[in-house]
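Here is a quick tour of a protein model, written for someone who would rather be at the bench. Have a look at the structure first, then read on.

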Amino acid sequence: MTDEDYMRRALELARRAEEEGEVPIGAVVVCDGRIVGEGWNRPIAAADPTAHAEVEALRAAARGVKNYRLTGATLYVTLEPCEMCVGAMFHARIARAIYGATDPKKLVLKNQVVLQGGVLAAECGAILSNFFATRR
């Protein structure tokens with residue numbers, strides 16, 4: 001199958017999202033030439049702001065292969081991924097991401113989040129350091 005074939009499947013999933021009243025975005029994860037995960041936008045139905053098509057497809061793929069690391073896989077999505085989804089792809093070890101439409105609003109954030117660091121920093125860092133020290 002070609003990139004276009006996989007994107008056609010992602011488009012079918014986008015139509016499913018639209019039928020469900022969601023923003024029409026679909027995604028598939030392909031590993032070794034076969035689809036291992038599919039997803040479509042579901043934040044409204046799932047009452048979950050992280051239920052983007054890409055995240056849903058990554059979750060399905062990870063469950064299917066029984067590993068959160070999807071090393072070497074390709075993710076196809078109908079719209080350019082947001083930063084959250086790119087971060088999820090990074091953590092899943094996705095090798096390649098192919099998208100259809102460019103998101104013209106990608107860099108425009110409607111809501112601003114104030115980030116504040118340093119609260120109990122030593123304790124927070126220590127628990128992580130100790131965890132990884134025991135793993136090595």
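Phe131 sits in helix H5, which covers residues 121-135; helices here are DSSP runs of H or I with at least four residues, and strands are E runs with at least two, numbered from the N terminus. This is a predicted model, where local features need pLDDT of at least 70 and side-chain atom pairs pLDDT 80 or more, while totals for chains, interfaces and linings use all residues. Numbering starts from 1 along each chain as its sequence is written, and side-chain values use heavy atoms, without hydrogens and water.

Two residues count as partly exposed (buried is under 20% relative accessible area, exposed over 50%, partly exposed in between, with a 1.4 Å probe and protein chains only):

| Residue | Relative accessible area |
|---|---|
| Phe131 | 38% |
| Cys124 | 43% |

Now for the inside. The largest nonpolar core (buried Ala, Val, Leu, Ile, Met, Phe, Trp, Tyr and Cys joined through side-chain atoms within 4.5 Å) has 18 residues, and Ile94 is among those with the most contacts inside it. Strand E1 (26-31), helix H3 (53-65), strand E3 (74-79) and helix H4 (83-92) each chip in at least two residues, with H3 giving the largest share, 5 residues. A second, separate core has 9 residues, including Trp40 and Tyr76.

What about disulfides (cysteine sulfur pairs within 2.5 Å)? The whole structure has 0. For Cys31, the closest cysteine sulfur is in Cys85, 19 Å away, so that is too far for a bond.

Technical notes: A disulfide is a pair of cysteine sulfur atoms within 2.5 Å.
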